[in-house]
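I opened the notebook to go through the hollows, the helix packing and the backbone of one model. What turned up is entered below.

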Amino acid sequence: MSPGYIPFHPNPSKPKFKPPAGAVDAHCHVFGPEAKFPFAPKRKYTPCDAPKETLFQRRNFLGFDKNVIVQATCHDIDNRALVDALVTSNDKVKGIAFVDESFTDDQLKELDRAGVKGVRFNFIKRLVDSTPRDTMQRIAARIAPLGWHIVIYFEHADLGKMGPFLKSLPTTLVFDHMACPNVREGVDGANFQRFLEFLDTNKDRFYTKVTCPERFTVAGPPYDDVAPFARTIVERFPDRVIWGTDWPHPNMPKEAPDDGVLVDMIPKIAPTAELQRKLLVDNPMQLYWS
Ligand code: 0GY
């Protein structure tokens, strides 16, 4: 493990909120185990092992039915741990892979058969060295015919320079972690409002993950200072939002979140049964299982 890396919570609390039947945790990761699936030489951090068995136990404990596993940078383009989780999941898991231009069409089709539904483009500088945009454009053109989408991890403070590029991508886009709101700026802050307008102008093909309050909170658990951001997005785009735990919570600076507390935030951001069903079942099922 990297010095100072904080492992996931050892025994999360049982949430009071009961997710609807068929609920999907649409953002989580598997890490290793390193002995079987080594981490990538070019990684920027080494996490603790977070194998599929632990992920699936936690899923059941929290009251969820399915997972979407997102390839993390510590495994780079080696998607073997992800594929292993997919093909042994009994169709309970779909995946987002990380690919480069060395992948052949046959390799992309093999990932598709395993249950991969998209690729991730990561723009967070502490996690990756930047990939040229024309490379991303070419990858996007090759995965679009498979019906895949692109998951974008970026900070909406960068929207000015990234907006035209994002709009030019040919697939559905799914934005990780509300595109990293700055809680101190408030819901009415210019950056968050600009991100909402950006979503508004592309409502047919832009989705947002209302995830990771623990990354943006100033006040700490139960993350009430982040709830208004997530609730604003859910209420404005009820058919274009998904939710996930982000287990095993890589690179937390102070403490690992209690996953039960994260689940108990759901009724605060999606206050009605209908919004909860869209957020946790209908929307992720449409994106990943249809
Ligand atoms: C996340 C967040 C992080 C890490 C990664 O790919 C990754 O390594 O995604 C992070 O450190 O913010 O999406 O869970």
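**Pocket, cavities, helices, backbone**

I began with the largest pocket, which has a volume of about 360 Å³. The model is predicted, so I kept the limits in view: local features need pLDDT of at least 70, side-chain atom pairs count only at pLDDT 80 or more, and totals for chains, interfaces and linings use all residues. Residues are numbered from 1 along each chain as its sequence is written, and side-chain values use heavy atoms, with hydrogens and water left out.

My terms for hollows come from a 1 Å grid over the protein atoms alone. A cavity is a set of points where a 1.4 Å probe fits but cannot get out; a pocket is an open set with protein on both sides within 12 Å along at least five of seven lines; lining residues have an atom within 4 Å of a point. Points are joined across faces, edges and corners, and a volume is the space filled by probe spheres set on the points.

**The pocket lining**

I found 21 residues lining the largest pocket, with Lys42, Asp76, Phe98, Asp129 and Thr131 nearest its centre. Strand 4 (116-122) and helix 4 are the elements that give two or more residues to this lining. Helices (H or I, at least four residues) and strands (E, at least two) are DSSP runs, numbered from the N terminus. By class, the pocket lining has nine nonpolar, five polar and seven charged residues. Here Ala, Val, Leu, Ile, Met, Phe, Trp, Tyr, Cys and Pro count as nonpolar, Asp, Glu, Lys and Arg as charged, and the others, Gly among them, as polar.

**Cavities**

I looked up the closed spaces next. There are five cavities of 30 Å³ or more. The largest holds about 110 Å³ of space. Its lining has 15 residues, and His29, Leu127, Tyr153, Arg215 and Pro250 lie nearest the centre. Five of the lining residues are nonpolar, six polar and four charged.

The second largest cavity has a volume of about 70 Å³. Helix 1 (residues 52-62) gives the largest share of its lining, four residues. Asp25, Trp247 and Asp259 are among the others that line this cavity.

**Helix pairs**

I then checked helix 4 (residues 133-143) against helix 5 (residues 159-168): their axes come within 11 Å and cross at roughly 25 degrees. Axes are lines fitted to C-alpha atoms, for helices over the stretch in contact, and angles run from 0 to 180 degrees between N-to-C directions. The two helices are therefore roughly parallel (an angle under 35 degrees). Arg133, Met136 and Gln137 of helix 4 make the contact with Lys161, Met162, Phe165 and Ser168 of helix 5 (contact means heavy atoms within 4.5 Å).

Helix 6 (residues 190-200) and helix 8 (residues 227-236) pack at about 20 degrees, axes 12 Å apart. That makes helix 6 roughly parallel to helix 8. Phe192, Leu196, Glu197 and Asp200 in helix 6 meet Phe229, Thr232, Ile233 and Arg236 in helix 8. I counted that contact by class as four nonpolar, one polar and three charged residues.

**Backbone**

Which residues does a cis peptide bond join? Gly32 and Pro33 are one pair, with omega about 10 degrees. Trp247 and Pro248 are also joined by a cis peptide bond, with omega about 0 degrees. Pro33 sits in the loop between strand 1 (24-28) and helix 1. Pro248 is in the loop between strand 8 (241-242) and helix 9 (259-263).

I noted His177 last: its phi is near 50 degrees, a positive value in a residue other than glycine. Most residues other than glycine have a negative phi, and most peptide bonds are trans.

How values were computed
Parallel < 35°, antiparallel > 145°, perpendicular 65-115°, else oblique.
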